[in-house]
Amino acid sequence: MFWKNHDATANHKPQYMSAIFYHDEGQKKLAEQTRNEHQKTQRRPIATKILPAKTFYDAEDYHQKYLLRQHPTLLRSLGLNSIELMSSVVAARLNGYVGGYGSLKKFEVEVDDLQINEAQADMVRKILTGRRF
């Protein structure tokens with residue numbers, strides 16, 4: 001899934017680079033193995049770095065749930081502060097949907113589990129179908 005959901009051949013500044021961070025040799029070997037398999041499907045060399053996990057820093061607030069932030073009415077309706085937004089499973093799921101990483105059909109299957117209100121669900125439906133709200 002990791003390799004299929006981004007361009008692993010793109011070179012970016014360090015703060016935006018594609019990377020896999022491993023905690024042990026097993027994770028490192030798995031990352032290298034999957035990278036090597038994926039490389040066979042690419043024309044350009046893979047730029048994704050495979051690095052040991054060290055201290056991890058959260059991104060700045062404005063990067064958190066970036067795709068959801070592009071829909072401020074929906075975001076405000078969730079009533080989450082910055083810390084809650086970072087850890088919210090609902091915000092993470094909605095971030096994916098509004099970013100185009102899920103279909104209306106999948107959303108309808110999951111909507112009750114998200115425990116959002118009908119107005120919020122309608123906003124997501126409109127985003128997924130390209131309608132304005």
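**Entry 1: Gln115**

I started with Gln115 and asked: is Gln115 buried or exposed? With a relative accessible area of 72%, Gln115 is exposed. A reminder to myself: this is a predicted model. I then placed Gln115 along the chain and found it in the loop between α6 and α7, the latter covering 118-129. Its backbone caught my eye too, as phi of Gln115 is near 55°, a positive value in a residue other than glycine.

**Entry 2: Lys65**

Next I went to Lys65, another residue with its phi on the positive side: about 50°, although Lys65 is not a glycine. I found Lys65 in the loop between β2 and α2, where α2 spans 66-69. Is Lys65 buried or exposed? Its relative accessibility is 13%, and the cut-off for buried is under 20%, so Lys65 counts as buried. I noted that down beside Gln115, which is exposed at 72%.

**Entry 3: α5 against α6**

From the loops I turned to the helices. I looked up α5 (residues 89-98) and α6 (residues 104-114), whose axes are 11 Å apart and make an angle of about 160°. Angles over 145 degrees count as roughly antiparallel, and α5 and α6 are therefore roughly antiparallel to each other. What is the handedness where α5 passes α6? I have it down as a left-handed crossing.

Then I listed who makes the contact. From α5 come Val90, Arg93, Leu94 and Tyr97. From α6 come Lys106, Phe107, Glu110 and Leu114. Sorted by class, the contact of α5 with α6 has five nonpolar and three charged residues, with no polar ones.

**Entry 4: α6 against α7**

I stayed with α6 and looked at its packing with α7. The axes of α6 and α7 come within 10 Å and cross at roughly 165°. That makes α6 roughly antiparallel to α7. The crossing of α6 and α7 is right-handed, whereas α5 passes α6 in a left-handed one.

Which residues of α6 meet α7? I wrote down Leu104, Phe107, Glu108 and Val111. Their partners in α7 are Ala121, Val124, Arg125, Leu128 and Thr129. The classes in the contact of α6 with α7 are six nonpolar, one polar and two charged. I put a mark by Phe107, as it is listed in the contact of α6 with α5 and also among the α6 residues that meet α7.

**Entry 5: Thr48**

Back towards the start of the chain, I checked Thr48, which sits in the loop between α1 (25-39) and β2 (49-52). Its relative accessibility is 6%, so Thr48 counts as buried. What does the side chain of Thr48 pair with in a polar contact? I found the side chain of Ser18, at 2.7 Å. Leaving out residues up to four places away in sequence, Thr48 touches Phe2, Trp3, His6, Ala8, Ser18, Ala19 and Ile20.

**Entry 6: His38**

My last stop was His38, in helix α1. At 14% relative accessibility, His38 counts as buried. Its side chain makes a polar contact of 3.3 Å with the side chain of Gln42. Beyond its neighbours within four places in sequence, I have His38 in contact with Trp3, Ala8 and Ile46. Trp3 and Ala8 were already in my notes, as they are among the residues Thr48 touches.

Definitions and conventions. Residues numbered from 1 in each chain as written. Predicted model: local features only at pLDDT ≥ 70, side-chain atom pairs only at ≥ 80, totals over all residues. Heavy atoms only, no water. Axes fitted to C-alpha atoms, helices over the stretch in contact; angles between N-to-C directions. Helix = DSSP H or I, 4+ residues; strand = E, 2+ residues; numbered from the N terminus. Parallel < 35°, antiparallel > 145°, perpendicular 65-115°, else oblique. Left-handed = near helix turned anticlockwise from the far one by under 90°. Contact = heavy atoms within 4.5 Å. Nonpolar A, V, L, I, M, F, W, Y, C, P; charged D, E, K, R; others polar. Buried < 20%, exposed > 50% of the residue type's maximum accessible area, 1.4 Å probe, protein only. Polar contact = N/O pair within 3.5 Å; in protein donor to acceptor, adjacent residues only side chain to side chain.
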